[in-house]
Amino acid sequence: MTRRTEWPDDHDYGPGAEVGHDGGRDDDGRGGSGSAAGGAENRGKRKDGGGSSSSRAEAGPPRTPQEQARAICLRLLTGSARTRKQLGDALRERGIPEEAAQEVLSRFEEVGLIDDAKFADAWVESRHHGRGLARRALARELRTKGVDPATVDEALGQLDSDQEERTARELVDRKLRTTRGLDRQKRIRRLAGMLARKGYPEGLALRVVRQALEEEGDEGEDSELMGYHLPEG
């Protein structure tokens, strides 16, 4: 079967092409006035008719709020896991009606695409071992992301006091060398302050830092620290 070739309008001299009223062409090889008018008309039809109707067909009818909400959630979840609150906030910012948003979010929970408990477990695992954050800092982050208190507590249950202290000591050991040359009080403030910003309790932070310094051979009195409070994490 021979495939018909579509030529540009300005050189459309094939079957069905518009030609001049005398059936011929101008001296320069182009069609006469009838050909030019016909070409322009054909181009107009394709632009105003076929082209726009094709675009409309591809675009399809306007999507419902639920369809828009699903598309937004799937796009966001493709990048990383999100809590229900995070997705709900994103839908609200994009103008999705609340009823449609909640319907889609509930459906996503039913099929397991949203799972705040799994999100919290993974967050604690990643942020504790990756950033060294303590339970207090992790709880604050999860609450900010909309995880309910009971789920937060359950996720933090994977970190006991011993694990938290071991991580605190690892953090101090990595930072200890950078404080050499400073006097003892400054070293304690700098190292314990680092732990406090990561959410470690003040008592634990000071104890771990003092132990690390003593093992290094930097011993002394900490009288200047009496009444000193570490910055909040």
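Of the 233 residues of the protein chain, 33% count as buried, where buried means under 20% relative accessible area, exposed means over 50%, and partly exposed covers the range in between (1.4 Å probe, protein chains only). The coordinates are a predicted model, in which local features need pLDDT of at least 70 and side-chain atom pairs count only at pLDDT 80 or more, while totals for chains, interfaces and linings use all residues. Residues are numbered from 1 along each chain as its sequence is written, and side-chain values use heavy atoms, with hydrogens and water left out.

The secondary structure of the protein chain consists of 10 helices and zero strands. Read from the N terminus, the order of elements is α-α-α-α-α-α-α-α-α-α. Helices (H or I, at least four residues) and strands (E, at least two) are DSSP runs, numbered from the N terminus.

**Nonpolar core**

The largest nonpolar core has 18 residues, and those touching the most other members are Val-172, Leu-176, Leu-191, Leu-195, Tyr-200, Val-209 and Leu-213. At least two residues of this core come from each of α8 (161–176), α9 and α10 (202–216). Helix α10 gives the most, with seven residues. A nonpolar core is defined as a set of buried Ala, Val, Leu, Ile, Met, Phe, Trp, Tyr and Cys residues joined through side-chain atoms within 4.5 Å. In soluble globular proteins, nonpolar side chains tend to be buried together.

**Salt bridges**

The structure holds 12 salt bridges, a salt bridge being a side-chain nitrogen of Lys or Arg within 4 Å of a carboxyl oxygen of Asp or Glu. Side chains of opposite charge can pair when their charged atoms come close. Three of the pairs are tabulated below.

| Pair | Closest N to O distance |
|---|---|
| Asp-89 and Lys-85 | 2.8 Å |
| Arg-92 and Asp-89 | 2.9 Å |
| Glu-215 and Arg-169 | 2.4 Å |

The side chains of Glu-215 and Arg-169 meet in a salt bridge. This pair links distant parts of the chain, with Glu-215 in helix α10 and Arg-169 in helix α8, 46 residues apart. Glu-215 counts as exposed at 58% relative accessibility.

Asp-89 and Lys-85 both lie in helix α3 (residues 84–93), four residues apart, about one turn of the helix. Arg-92 and Asp-89 are separated by about one helical turn because they are three residues apart in helix α3. Lys-85, Asp-89, Arg-92 and Glu-98 are linked in a network of salt bridges. Within this network, Asp-89 is partly exposed, with a relative accessible area of 25%. Lys-85 is partly exposed at 40%, and Arg-92 is partly exposed at 44%.

**Contacts of helices α3 and α4**

Leu-91 is also found in helix α3. Leu-91 is buried, with a relative accessible area of 0%. Leu-105 has its place in helix α4 and is buried, with a relative accessible area of 1%. From C-alpha to C-alpha, Leu-91 and Leu-105 are 9.8 Å apart in space and 14 residues apart in sequence. For Leu-105 and Gly-88, the C-alpha to C-alpha distance is 7.4 Å, with their positions 17 residues apart in sequence.

**Surface patches**

Patches are made of residues with over 30% relative accessible area and no salt bridge; like charges are joined within 9 Å, and nonpolar side chains (Val, Leu, Ile, Met, Phe, Trp, Tyr) within 5 Å. Accessible areas come from the Shrake-Rupley method with a 1.4 Å probe, and for residues only the protein chains shown count as cover. Lys and Arg count as positive and Asp and Glu as negative; His and the chain ends are not counted. The place of a charge is taken as NZ of Lys, CZ of Arg, CG of Asp or CD of Glu.

A positive surface patch is formed by Lys-175, Lys-186, Arg-190 and Arg-197. Helix α9 (residues 184–197) gives the most to this patch, with three residues. Lys-186 lies in helix α9 and is partly exposed, with a relative accessible area of 48%.

A nonpolar surface patch of about 260 Å² is made by Leu-74, Val-111 and Leu-113. Val-111 sits in the loop between α4 (98–110) and α5 (116–131). Val-111 is partly exposed, with a relative accessible area of 45%.
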